[in-house]
Amino acid sequence: MARFKLTIEYDGTPYVGWQRQSNGASVQGALEAAILAMTGETVTLRGAGRTDAGVHATGQVAHVDLAKDWRPAVVRDGLNAHLVEESVVVLAAERVAEDFDSRFSARGRHYIYRILDRRPPPALDRRRVWHRREPLDVDAMNAGARHLIGHHDFTTFRSANCQSKSPMKTLDHLEARRVGDLIEVRADARSFLHNQVRSMVGTLERVGLGAWPPERVAEALAARDRAACAAVAPPWGLYLVGVDY
């Protein structure tokens, strides 16, 4: 058996999420179908993160075991040839050691959330940014974000359906930056709780709008209560942009 690490880009719009499910098309399912078409093997592809429906990726990572030790470039190009009807692309394939695990070997995950704060809606980036008609104060958002950096109980920013055993996480970096009408919120950590990034962004949007003072973010965190969180930001602004090993 040969183990391959795949780096993957996808538009999450047409999918029910990364994970294969019975209620619709998934990114994992599309890739497994491409592997079957290319190699004749029925496999289970294991990803570094289970992105939700509508969430995108420019640097998702997965691993798969294949019976034949293909050249990595052949794996990449062969899978892409069978993905032409999908919104999924394999950016790179690498031969890795048999103990490599795309999920459990990861040392860091990086997300970017994109907000377009202008009155006209997007034409080209529809379902790829969160459109806010009111201008947001990035400095205020960063003042609020600083309360979340570090090791905390993130119960407030955790989905009720989160399967993680503990709400304790270490957030290494959380920062908003503006590029014209676009605001990018970057979040870096070893791992995240389910809906953590979208929950934090939804709260920071309230701060940027002036509806919440930055200090209220600290109060929400300390409450350890899901009800203390602002509305969760929609999935289509979120991108998994990289995984560290």
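Is Cys-162 buried or exposed, and what is its relative accessible area? The legend for the cysteine view below has the answer.

**View 1. The whole protein, a predicted model with five helices and ten strands.** Residues are counted from 1 along each chain as its sequence is written. Because the model is predicted, local features need pLDDT of at least 70 and side-chain atom pairs count only at pLDDT 80 or more, while totals for chains, interfaces and linings use all residues, and side-chain values use heavy atoms, with hydrogens and water left out. Helices (H or I, at least four residues) and strands (E, at least two) are DSSP runs, numbered from the N terminus. The radius of gyration (taken over C-alpha atoms) is 19 Å, close to the 18 Å that the globule rule (2.2 Å times the number of residues to the power 0.38) gives for 245 residues, so the protein is as compact as a globular protein of that length. Picture the C-alpha atoms in a box of roughly 60 × 40 × 30 Å along the principal axes. Buried residues (under 20% relative accessible area; exposed is over 50%, partly exposed in between; 1.4 Å probe, protein chains only) make up 51% of the 245 residues.

**View 2. The two cysteines, Cys-162 and Cys-229, sit apart.** To come back to the opening question, Cys-162 is buried, with a relative accessible area of 15%. Cys-229 is buried too, at 12%. The sulfur of Cys-162 has its closest cysteine sulfur in Cys-229, 13 Å away, which is too far for a bond. A disulfide is a pair of cysteine sulfur atoms within 2.5 Å, and by this rule the count is zero.

**View 3. Asp-52 in its loop.** UniProt, in an unreviewed entry, puts the annotation "active site" here; such annotations may be inferred rather than shown by experiment, feature names are shortened, and positions follow the numbering used here. The loop runs between strand E2 (46-47) and strand E3 (56-66). At 23% relative accessibility, Asp-52 counts as partly exposed. Leaving aside neighbours within four places in sequence, Asp-52 is in contact (heavy atoms within 4.5 Å) with Val-16, Gly-17, His-194, Asn-195 and Arg-198.

**View 4. Tyr-111 in strand E5 (residues 108-117).** The unreviewed UniProt entry gives this residue the feature "binding site". Tyr-111 is buried, with a relative accessible area of 11%. Among the residues it touches, not counting those up to four places away in sequence, are Val-185, Phe-192, Val-197 and Tyr-239.

**View 5. Val-185 and the largest nonpolar core.** A nonpolar core is a set of buried Ala, Val, Leu, Ile, Met, Phe, Trp, Tyr and Cys residues joined through side-chain atoms within 4.5 Å. Of the 69 residues in this one, Leu-6 and Val-185 touch the most other members. Helix H1 (residues 27-39) supplies the largest share, six residues. Beyond four places in sequence, the contacts of Val-185 include Tyr-111, Met-141, Leu-174, Val-201 and Leu-204.

**View 6. Helix H4 (residues 196-209), end to end.** The 14 residues of H4 should span 20 Å at 1.5 Å a residue (1.5 Å times one less than the number of residues), and the end C-alpha atoms are indeed 20 Å apart. Twelve of the 14 are buried, so H4 is largely enclosed by the rest of the structure. The buried ones include Val-197, Arg-198, Val-201 and Leu-204. After H4 comes Gly-210, with a positive phi near 90°.
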